[in-house]
Structures are given as structure tokens and as C-alpha cells.
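Trainee: Please take me closely through a single part of this model, beginning with one residue in the interior and working outward to what surrounds it. I would like the cut-offs stated as you go.

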Amino acid sequence: MLLTFDVEPFWADIPTQHDRTCWQDYTDQSASHTIKFLEFCIQKKLGCSFFSVGAWAERNEKVVRRISDAGYSIGSHSMWHEDMALKDRSSFIADVVQSKTILENIIGKEVNSFRAPSFSLRPWQLDLLPDIGIQHD
């Protein structure tokens, strides 16, 4: 069985509840919930992938590293959990590359999977992913 989890702060819905400039002002319990999901998957020996928002990963490096060290794959879930379909070519690429780089620096491994927030991808954006090192969406 293969499960996937999106790892993001609770307020990162689309439409976004809080502008990214004030994310640091809010308490976020998602790290503890993510650890509970991880421990459940380890206990039950379930295969799964975790798709993390880059800004969330920066705040929760230990959790991201723990997921990776437990043998689970880490994928990008964008930098800020914004509607990717609204981004132009350069801002879309910048977002994915930034989140991918942050995750790779935390786990010391290549990140080659991506899941857009709320599956908000346009076909032309999907076509760009292989050029920036994303093999799976």
C-alpha cells in the first residue's frame, strides 16, 4: 500500500487564509501531527511519501529529516502552498526550484517528486517539471 501525505501548516488552504509574510506569527501544530502519521506508518510498515511545503520544511527541519531518515520519500509541495495555476512561467519555476532546493539541503538527497497545492497545475506547467529535475507528479 502506498500512502501520500501533504505536509503544510493548517492555514495553508487555497484560497490562503494568511499571507505568507505573517506565517511566522501563527502557532502551527502540524509538525506534531506529521510525526504521529510517520510513527503510524513506521509501526504498520506502510510505504508512503510526504510532500512538504518548502516554508514549512524550513520551520520543521528536524521533522523533515526524521521522515527521510526513516526511509520515506520527500517531495515538494511548493514553496508557500499558493495556487500554482496563477503563476507565470518564471514564478512557477522559481517556486518549485526554491522548495526543491530547501528540501534537498535538509535531507541531503535529491528531491524528484512534486505535488501542486490543490492539484493546481496547468498543462504547460506540468511540461516544465522534468526540466527542473522533477520526475514524478
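Mentor: Two residues are in contact when heavy atoms lie within 4.5 Å. This is a predicted model, in which local features need pLDDT of at least 70 and side-chain atom pairs count only at pLDDT 80 or more, whereas totals for chains, interfaces and linings use all residues. Numbering starts from 1 along each chain as its sequence is written, and side-chain values use heavy atoms, with hydrogens and water left out.

The residue to begin with is Ser76, which sits in strand β3, residues 73-76; helices (H or I, at least four residues) and strands (E, at least two) are DSSP runs numbered from the N terminus. With neighbours within four places in sequence set aside, Ser76 is in contact with Phe51, Ser52, Ser99, Lys100, Leu103, Val111, Ser113, Phe114 and Arg115. Its relative accessible area is 0%, so Ser76 counts as buried (under 20%, against over 50% for exposed and partly exposed in between, with a 1.4 Å probe and protein chains only). A further spatial relation links Ser76 to Val97, 21 residues away along the chain, since the two C-alpha atoms are given as 9.2 Å apart.

One of the partners of Ser76 is Ser113, and this second serine belongs to the loop that connects α4 with α5 (123-128). Ser113 has a relative accessible area of 9% and is therefore buried. If residues up to four places away in sequence are not counted, Ser113 touches Phe51, Ile74, Gly75, Ser76, Ile134 and His136. Phe51 thus turns up in the contacts of Ser76 and again in those of Ser113.

Val111 is another partner of Ser76, and its C-alpha atom is 8.1 Å from that of Thr101, with their positions 10 residues apart in sequence. Thr101 belongs to helix α4, where its 36% relative accessibility makes it partly exposed.

Helix α4 also supplies Leu103, which is in contact with Ser76 and takes part in the packing of α4 against α3. Helix α3 covers residues 61-69 and helix α4 residues 89-107, and the two pack at about 70° with axes 9 Å apart; the axes are lines fitted to C-alpha atoms over the stretch in contact, and angles between N-to-C directions run from 0 to 180 degrees. The pair is therefore roughly perpendicular (65 to 115 degrees, with under 35 roughly parallel, over 145 roughly antiparallel and the rest oblique). On the α3 side the contact is made by Glu61, Val64, Arg65 and Ser68, and on the α4 side by Leu103, Ile106 and Ile107.

Helix α3 packs on α1 as well, where the angle between α3 and α1 (residues 30-44) is about 10° and the axes are 10 Å apart, so that these two helices are roughly parallel. Here Ala31, Thr34, Ile35, Leu38 and Glu39 of α1 meet Val63, Arg66 and Ile67 of α3. Of these, Glu39 in α1 has a relative accessibility of 41% and so counts as partly exposed. The C-alpha atom of Glu39 is 9.5 Å from that of Ala70, which lies 31 residues away along the chain.

Two loop residues on either side of α4 deserve a look at the backbone. His81, in the loop between β3 and α4, has a phi near 60°, a positive value in a residue other than glycine, and it is buried at 4% relative accessibility. Phe119, in the loop between α4 and α5, has a positive phi of about 55° although it is not a glycine, and with a relative accessible area of 65% Phe119 is exposed.

For the wider setting, the protein chain holds five helices and three strands, in the order β-α-β-α-α-β-α-α from the N terminus on. Of its 137 residues, 47% count as buried, and among contacts with a separation of 6 or more, 69% join residues 24 or more positions apart. The mean pLDDT (the predictor's confidence in each residue, from 0 to 100) is 89 for the protein chain, with 86% of the residues scoring at least 70. Confidence is highest in α4, at 98, and lowest in strand β1 (residues 2-7), at a mean of 86.
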